[in-house]
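Me: Please pick one part of this structure and take a close look at it with me. I am in my first year, and plain explanations of the terms would help.

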Amino acid sequence: MKSISKILMALPMLLSFTSCNAQIKNATTESVKIYGNCEMCESTIEKAGNVKKVAKVDWNKDSKMATLTYDANITSKDEILKRIALAGYDSDNFLVPDNAYAQLPACCQYQRVKKTVAHTEEPKMTIGSTDQPIRTMTMETQEANQLTAVFDNYFAVKDALVETNGANASEKSKALLTTINTVEMDKLTMDVHIVWMKILNDLKEDSEHIANTKDAALQRTHFMTLSKNMYTLMTVSKVEQPVYYQFCPMANDGKGANWLSKESTIKNPYYGTQMLTCGKTVETIQE
């Protein structure tokens, strides 16, 4: 009788798991340790990791083990765990930023285990060693390649606005939107990923608005917030050459507005030839 009882208790869990796999195509299942304390942690972890028909997370508060089921053609274990880390929960793969951990309710602030994350910290190498930090170098190269395309398209939009060429700005912004949409988030390092997740929707919205009009005046309005978010992204990314953060005090109805340039020479995208040299460099961003 006890055996039958155990089977009946396990049956709903089995059916639930089977149903989950049926909804997620190309399902891959993995187990990973995620640190937390209570039912509230369980709810937050699962909500952060779950994506309808793409990813499902089932976390056990007693064992601290999570079962990840996901469509391997759309997402990855790392991308799921990064979302969970952004919600405040360490795993054996990713550490939570201290400020995110501090925002957890007191009952959810678990005992943290100090450990090294290979691709977010500089590896220690022995002098004379020929060993190369393959994973770290690969992650940084992948990130740089992806974001360089985003930055280059932003600069192309800026150059079009310097010329007050709304049609060209529209085309360049379409290219910018394409590169934004093709960035593979799981290949970004943790600090860049955190910023990317915060500004992604705004980057897309501003790029779409600029792409959908040829009116330079309207484009410049959205270019202000686009530039602000690009600056936030560049300050945590690896830039291949110095980038100049510049400021025009006349733009935005006298409130001022910033932009980014690969040139130290002032070429104002908010007024073009009307006030081409109005502004100054307020910061130089470099690796």
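Reply: Let us begin with the whole protein, which has eight helices and six strands. These are runs assigned by DSSP (H or I over at least four residues for a helix, E over at least two for a strand), numbered from the N terminus. Read along the sequence, they follow the pattern α-β-α-β-β-α-α-α-α-α-α-β-β-β.

Two notes on reading what follows. Residues are numbered from 1 along each chain as its sequence is written, and side-chain values use heavy atoms, leaving out hydrogens and water. This is a predicted model, where local features need pLDDT of at least 70 and side-chain atom pairs count only at pLDDT 80 or more, while totals for chains, interfaces and linings use all residues.

The average pLDDT (the predictor's confidence in each residue, from 0 to 100) is 83 for the protein, and 81% of the residues score at least 70. Two stretches call for caution. Residues 6-11 stay under 50, and the model gives them zero contacts (heavy atoms within 4.5 Å) beyond four places in sequence. Residues 13-20 also lie below 50, with five contacts beyond near neighbours in sequence. Where pLDDT is low, the predicted coordinates should not be read in detail.

Now for our close look: the sheet built from E4, E5 and E6. This is an open sheet of three strands in the order E5-E4-E6, with antiparallel pairing. Strands count as paired if DSSP finds at least two bridges between them. At the edges stand strand E5, residues 257-261, and strand E6, residues 280-285, each of which pairs on one side only. From one strand to its neighbour the average turn is 25°, direction ignored. For angles like this, axes are lines fitted to C-alpha atoms (for helices, over the stretch in contact), and the values run from 0 to 180 degrees between N-to-C directions.

Zoom in on E4 and E5. Strand E4 covers residues 243-248 and is joined to E5 by five bridges, the two running antiparallel. You can look up some partners yourself: Phe247 is bridged to Asn258 in E5, and Tyr245 stands opposite Leu260 of that strand.

E5 is an edge strand, but is it exposed or enclosed? It is largely enclosed by the rest of the structure, because five of its five residues are buried. Buried means under 20% relative accessible area, exposed means over 50%, and partly exposed lies in between (1.4 Å probe, protein chains only). Look at where the residues of E5 point: Ala257, Trp259 and Ser261 go one way, Asn258 and Leu260 the other, and all are buried.

What packs on this sheet? Helix H8, residues 216-234, does, touching E4, E5 and E6, and its direction makes about 55° with that of E5.

From H8 we can step to helix H7, residues 190-211, where Leu200 is found. Leu200 and Asn229 are 29 residues apart in sequence, yet their C-alpha atoms are 8.8 Å apart in space. Leu200 counts as buried because its relative accessibility is 13%. Leaving aside residues up to four places away in sequence, Leu200 touches Ile180 and Met185. Ile180 is itself one of the buried residues of helix H6, a list that also includes Ala169, Leu176 and Leu177.

Ala169 leads on to helix H5, residues 134-162, the place of Ala160. Ala160 touches Asn165, Asn168 and Ala169, again not counting residues up to four places away. Its relative accessible area is 1%, so Ala160 is buried. Ala160 and Gly272 sit 112 residues apart in sequence, with 9.3 Å between their C-alpha atoms.

For comparison, visit another sheet, open and antiparallel, with its three strands in the order E1-E3-E2. Strand E1 (27-33) and strand E2 (55-59) are at its edges with a single partner strand each, so one side of each has no neighbour in the sheet. The twist here averages 15° from one strand to the next. E1 pairs with strand E3, residues 65-71, over seven bridges, and Thr29 stands opposite Thr69 of E3. Helix H3, residues 77-86, lies across E1, E2 and E3 at about 125° to E3.

Finally, step back to the whole chain. Of its 287 residues, 43% count as buried. Among contacts between residues at least 6 apart in sequence, 59% join residues at least 24 apart.
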